[in-house]
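The following exercises concern burial, cysteines and charged side-chain pairs. Each task is followed by a solution in steps.

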Amino acid sequence: MAASTKVLALESPTQTGEWTVVLPRKGRHRRNSRKITIAKGQQQEQQPWVPTDLEIDPERQSKLMHKIQACMKKIENSQFFLAFLDQMQIPKVLNHFHRVLGSESQLQMVIYGIGSIESHETPRLQLSLALLMKRKFSWIGDIEVFDPVLSATESQVLEDLGCSVLSLNEQGRREAKKSTLFFMPHCEAELYNNLLQANWGVESLNRIALFGNSFETYEQRVSFKYYDQEVSLMNSSVAESVTHILAARRFIDEFRIETISDDYFAAFHDSSWHFFKLGCENELQLN
């Protein structure tokens, strides 16, 4: 690889007093969204998926493509993007990308939880950043995308942009059998936890670069004050949704990004690069 190209949630109480981990959704909404509760010991199964609407609307397709191209141009000419690229090229971050790549020539990119790119600008900005990264760096390879809210028209636009839309809802449980960049801005905590659980081994985790919600922030919010009482998330039923996130903090190098402008706050606030640095299986103890 040439040097020029290799430059590289908050807890909320319910009325019943239970707690759930949700992501900050400023500026982002999902069609047909619903809270997912995972019973103890239960794992979500991967299921075949097709859009609920099977017809592609050419007029909507054209309008959406124009909107995404406008978003890409906006980001590409922004101070936010310049700062983002600069951070990817600092020695500490660049060395992590080199390590994750190993003997591979490219990092496959998997985008989970992008949301409706037709309905809201925040998902379009997030997608645009991923596409611009691929354009900028030759070591970023094919892009696969999945979100159950995607329509047939949105899926076709993603294909037109050179992405592949998955036909399987992996529930975030993709095993990194090769070097992979998981691009997951503002996903649910369960998705991050599912990803970690599916890759809970030295070799798999060391093959991952993850862009998403700050794990440090999750850790900081494990304990908090509620009506002057100390509440520990680890004593609640929601603990399972962040168990691997918290355990991974012991061997993660995290680099927070700067949003620079309010234009990009909703799409990228509290986001970080995460790299796993593991030497032995003993570091993978959950307790």
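The model is predicted.

**Exercise 1. Determine whether Cys163 and Cys71 are buried or exposed, and state how many disulfides are counted.**

Step 1. The relative accessible area of Cys163 is 2%. Buried means under 20%, so Cys163 is buried.

Step 2. For Cys71 the relative accessibility is 5%, and this residue therefore also counts as buried.

Step 3. A disulfide requires a pair of cysteine sulfur atoms within 2.5 Å. By that rule the count is zero disulfides.

**Exercise 2. Establish how far helix H6 is enclosed by the rest of the structure, and on what grounds.**

Step 1. Helix H6 spans residues 189-198. Its buried residues are Ala189, Glu190, Leu191, Tyr192, Asn193, Asn194, Leu195 and Leu196.

Step 2. Eight of the 10 residues of the helix are thus buried, which means that H6 is largely enclosed by the rest of the structure.

**Exercise 3. Locate the partners of the salt bridge between Arg60 and Glu118, and classify the accessibility of Arg60.**

Step 1. The structure holds 11 salt bridges. In the one formed by the side chains of Arg60 and Glu118, the N to O distance is 2.8 Å.

Step 2. This pair links distant parts of the chain, 58 residues apart: Arg60 belongs to helix H1 (residues 58-76), and Glu118 to the loop between strand E4 (107-112) and helix H4 (121-136).

Step 3. With a relative accessibility of 28%, Arg60 is partly exposed.

**Exercise 4. Trace the salt bridges of Arg256 to Glu216 and to Asp270, and classify the accessibility of the three residues.**

Step 1. Glu216 and Arg256 form a salt bridge whose closest N and O atoms are 3.4 Å apart. Glu216 lies in helix H8 (residues 215-220) and Arg256 in strand E12 (residues 252-256), and 40 residues separate the two.

Step 2. Arg256 also meets Asp270 in a salt bridge, at 2.9 Å from N to O. Asp270 sits in the loop between helix H10 (265-268) and strand E13 (271-276), 14 residues from Arg256.

Step 3. The relative accessible area is 27% for Glu216 and 35% for Arg256, while Asp270 has a relative accessibility of 21%. Partly exposed denotes values between 20% and 50%, so Glu216, Arg256 and Asp270 each fall in this class.

**Exercise 5. Identify which residues are linked with Arg174 in a network of salt bridges.**

Step 1. Side chains of opposite charge can pair when their charged atoms come close.

Step 2. Here, Glu144 and Glu170 are linked with Arg174 in such a network.

Technical notes: Residues numbered from 1 in each chain as written. Predicted model: local features only at pLDDT ≥ 70, side-chain atom pairs only at ≥ 80, totals over all residues. Heavy atoms only, no water. Buried < 20%, exposed > 50% of the residue type's maximum accessible area, 1.4 Å probe, protein only. Helix = DSSP H or I, 4+ residues; strand = E, 2+ residues; numbered from the N terminus. Salt bridge = Lys/Arg side-chain N within 4 Å of Asp/Glu carboxyl O.
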